[in-house]
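Colleague: I'm new to this one. Could you take me through a single part of it, the surroundings of the ligand and the strand that goes with them?

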Amino acid sequence: MGAPQPILEPLTPAALFLVATIDAGGADTVRDLLADLPGLRRSVGFRVPGAGLTCLTSIGSTAWDRLFAGPKPAGLHEFPGFAGPLHRAPATPGDLLFHLKAETHDACFELATALGDRLDGAARFVDQTVGFRYFEQRDLLGFVDGTENPEGAAAGSAAVIGPEDPEFAGGSYVIVQKYLHAMPDWRALPVAEQELVIGRTKLEDFELAEEIKPPNSHVAVNTVYDAAGAQLQIVRANMPFGSVADGEFGTYFVGYTSTPEKVETMLRRMFEGTDAASHDRILDFSTAVTGTLFFTPPEDFFDRLPEPATAEGGPQEQIIDPRADGSLGIGTLKRSMQP
Ligand code: HEM
């Protein structure tokens, strides 16, 4: 089993998320970049001592078929999206996810620039989100986010593929979603009411007692057990982001998981409801504007990539991006590498 990429390391003060789609004919350039990633990270990281720069790199399902021949990770598929009576979790395009982490933003930005240079003409970025640590690891709703993440060995079993898929053991899956918060509505809610939405106290971050915690609170909806009575565990790496100028205040949800089904079960409950709740009440104040699923290969994957799927220009390369302009249709969030 290969060592996982450092997905279990603690959150850093700075993070930068890049989602890219691969252009027709771009597969070879992308493969070259993937093979060079470890060296690129070292080149940038060594120049910023103490920054602890990492670049967690993940690959989408369609991209996998275009890039590689041979077996495919068992759980890798396109994000299905979810829709309940009131709220929607859209599925949006994404072939590659670069989750850059460091103590300082300059290190993330420098590596992101290098990735952009290398992908120029072969892929386009459909989203860039700059995440930052916000007081005591709080989200922009003001609540501490990440407390109940599993720790130690439990984190490994929650997020890393084991012997059930031996070929890809040491890998992981990740679902990312960008949520925008309705801040005026949220601020208008008294703190005691906000605590009922989340299921924890705001200042001290204590979980509410069972008899007080509503079934539609975020914590209640996401406390899920399997048939054997074990709680479904994932490793969340959420980061706040925002732009005062654009009036955007959000949470970039990042869920690393040993199987996508765990996160999908949570999302189904959040959006479509549970036996006891029509939906997760956090959604009344948070709108999902993106959603994509990727496979996060083990670290040594990049040193020996699988064989290419087809020759450049072969049938697999005829796949055309669903949106010709590279836009997710979410206004200021779009960025195209093309002039
Ligand atoms: C608007 C986006 C989101 C925000 C602001 C948010 C925030 C929070 C906060 C404040 C907590 C309580 C502290 C903690 O244990 O971390 C929490 C818990 C949790 N969240 Fe979220 N979250 C978001 C989206 C999601 C999504 C999309 C999922 C899953 C698909 C999820 C899964 C969980 C889980 C599993 C817990 C721990 C429940 C427990 O065992 O107590 N969250 N989240």
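Modeller: Four elements each supply at least two residues of the shell around the ligand: β7 (172-181), α7 (218-221), β10 (248-257) and α8 (260-272). Helices (H or I, at least four residues) and strands (E, at least two) are DSSP runs, numbered from the N terminus. This is a predicted model, where local features need pLDDT of at least 70 and side-chain atom pairs count only at pLDDT 80 or more, while totals for chains, interfaces and linings use all residues. Residues are numbered from 1 along each chain as its sequence is written.

In total, 25 residues surround the ligand (C-beta atom, placed from the backbone, within 6 Å of it). The closest are Glu148, Tyr179, Asn222, Met266 and Ser286. By class, the shell has 11 nonpolar, 9 polar and 5 charged residues.

Now for β10: 10 of its 10 residues are buried (20 or more other C-beta atoms, placed from the backbone, within 10 Å of their own). Glu248, Gly250, Tyr252, Val254 and Tyr256 point one way, and Phe249, Thr251, Phe253, Gly255 and Thr257 the other way.

What does β10 pair with, if pairing takes at least two DSSP bridges? With β7 there are 8 antiparallel bridges, and Leu180 sits opposite Gly250. Strand β8 (residues 235-236) is also antiparallel to β10, over 2 bridges, with Arg236 facing Gly255. Strand β9 (residues 239-243) adds 5 antiparallel bridges, and Met239 has Tyr252 as its bridge partner. The hairpin of β9 and β10 has 4 residues between the strands, and there Gly247 takes a positive phi near 65°.

Notes. Ala, Val, Leu, Ile, Met, Phe, Trp, Tyr, Cys and Pro count as nonpolar, Asp, Glu, Lys and Arg as charged, and the others, Gly among them, as polar. A residue is buried if 20 or more other C-beta atoms lie within 10 Å of its own, exposed if 12 or fewer, and partly exposed in between; C-beta atoms are placed from the backbone. Two strands pair if DSSP finds at least two bridges between them.
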